[in-house]
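Here's a quick back-and-forth on how some labels get assigned. Have a look at the model, then let's go through them.

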Amino acid sequence: MPEWSDLRHFLAIAREGNLSAAARRLKVDQTTVGRRLAVLEKELGARLFDRTPTGLRPTAVALRILPAAEAVEAEALRVERLASGEDLRPSGPVTVTATDSFLVHNVMPWLAGFQERHPEIELQLLSGYEALSLVRREADIAIRLVRPQEASLRARKVAAIGVVPFASKAYLARRGPVRFDAGLQGHAVVGYAQDSRRWPESKWLDVHAAKATVAVRLTSILGLLQAAREGLGVALLPAYFGHLHAELVPLRDALPELERTVWLVFHEDLAHNARVRAVADFLARTIGAQAEALAKPPARPRKKRAR
């Protein structure tokens with residue numbers, strides 16, 4: 001009978017498509033992944049992957065055993081979650097995943113106080129736009145902008161993020177007033193590149209800034225923020241950036257059609273884990289305390305009346 005360790009390596013290869021990426025996912029070296037695959041193929045008496053120019057492609061045998069391997073994985077992870085879910089002492093590692101921007105601006109400024117209260121909890125913050133799986137224990141807690149659909153995940157709404165068009169004071173002094181009813185003609189915008197072109201913000205700009213030029217395209221919120229601060233053009237940014245950076249001027253109120261809900265998510269099997277609950281409660285309080293600034297930008301400057 002195949003060992004769970006070998007099946008775990010098989011699943012990583014099937015999901016990543018090559019040995020090096022599977023090794024990174026499993027936090028082992030590539031040689032180990034290749035060796036475990038060879039052991040599994042020998043035990044099963046079948047080849048599981050074909051080498052192609054684009055990576056490793058599952059064979060017909062691999063595709064047949066994949067659902068069974070995933071079922072074994074689900075049960076193994078459930079055992080881990082149930083064991084750790086009864087941990088009544090607030091100590092040990094807790095992994096939280098969120099975007100770079102949210103961790104930097106909305107979590108880190110309050111971490112020192114949390115660490116003083118819970119010195120035995122080791123927080124691991126994983127940043128990025130890829131949604132890590134809480135079911136597969138890739139993270140313990142996720143801060144997400146889309147409510148998860150998995151029945152085994154608990155999701156709590158903690159805030160809403162308003163999205164606002166901003167420009168720097170220096171940009172406005174150089175280029176003059178911004179008129180959205182004119183499609184931002186005569187102005188430049190900070191646009192989106194690669195996969196971020198699918199974001200609702202990018203589509204909004206396509207419609208409402210159709211006559212503007214694109215100064216630069218980026219893939220991260222932190223990049224968009226810096227471009228706006230440098231005066232490169234008009235950028236759609238979370239409302240709270242206006243409270244953090246005085247050089248940014250909100251050009252409109254928060255756009256209702258682009259509002260994002262902030263969800264705090266963790267697996268139901270970890271509901272009674274003391275360290276996970278401590279981190280989840282801290283995040284809920286911290287994010288909730290920022291709710292108004294997250295949803296609304298600073299008041300827009302009043303237009304001077306002509307004399």
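Two strands pair if DSSP finds at least two bridges between them; helices (H or I, at least four residues) and strands (E, at least two) are DSSP runs, numbered from the N terminus. This is a predicted model, where local features need pLDDT of at least 70 and side-chain atom pairs count only at pLDDT 80 or more, while totals for chains, interfaces and linings use all residues. Residues are numbered from 1 along each chain as its sequence is written, and side-chain values use heavy atoms, with hydrogens and water left out.

Q: What makes β1 and β2 a pair of strands?
A: Strand β1 (residues 49–52) and strand β2 (residues 55–58) share 4 bridges in the antiparallel sense, and the rule asks for at least two, so they pair. Asp-50 faces Arg-57 in β2 across that pairing, and a hairpin of 2 residues takes β1 into β2.

Q: How do you know where the "domain: HTH lysR-type" sits?
A: That comes from UniProt, in an unreviewed entry, which puts the feature at residues 2–59. UniProt positions follow the numbering used here, feature names are shortened, and annotations may be inferred rather than shown by experiment. In the model, residues 2–59 are 62% helix and 14% strand, with the end C-alpha atoms 18 Å apart.

Q: Why is the contact between Arg-25 and Glu-16 called a salt bridge?
A: The rule wants a side-chain nitrogen of Lys or Arg within 4 Å of a carboxyl oxygen of Asp or Glu. For Arg-25 and Glu-16 the closest N and O atoms are 2.6 Å apart, so the pair qualifies. By that rule the count comes to 11 salt bridges, and Arg-15, Glu-70 and Glu-73 are linked in a network of them.

Q: Why does Arg-25 count as partly exposed?
A: Buried means under 20% relative accessible area, exposed over 50%, and partly exposed is in between (1.4 Å probe, protein chains only). Arg-25 has 27% relative accessibility, so it gets the middle label. Glu-16, at 30%, is therefore partly exposed too.

Q: What makes Arg-277 and Asp-281 a salt bridge?
A: Their side chains meet at 3.1 Å, N to O, so the cut-off is satisfied. Both residues lie in helix α11 (residues 274–289), 4 residues apart, about one turn of the helix. Arg-277 is partly exposed because its relative accessibility is 29%, and Asp-281 is too, at 28%.

Q: How do you know that Arg-198 and Asp-195 are bridged?
A: The N to O value is 3.5 Å, so this pair passes as well. Arg-198 and Asp-195 are both exposed.
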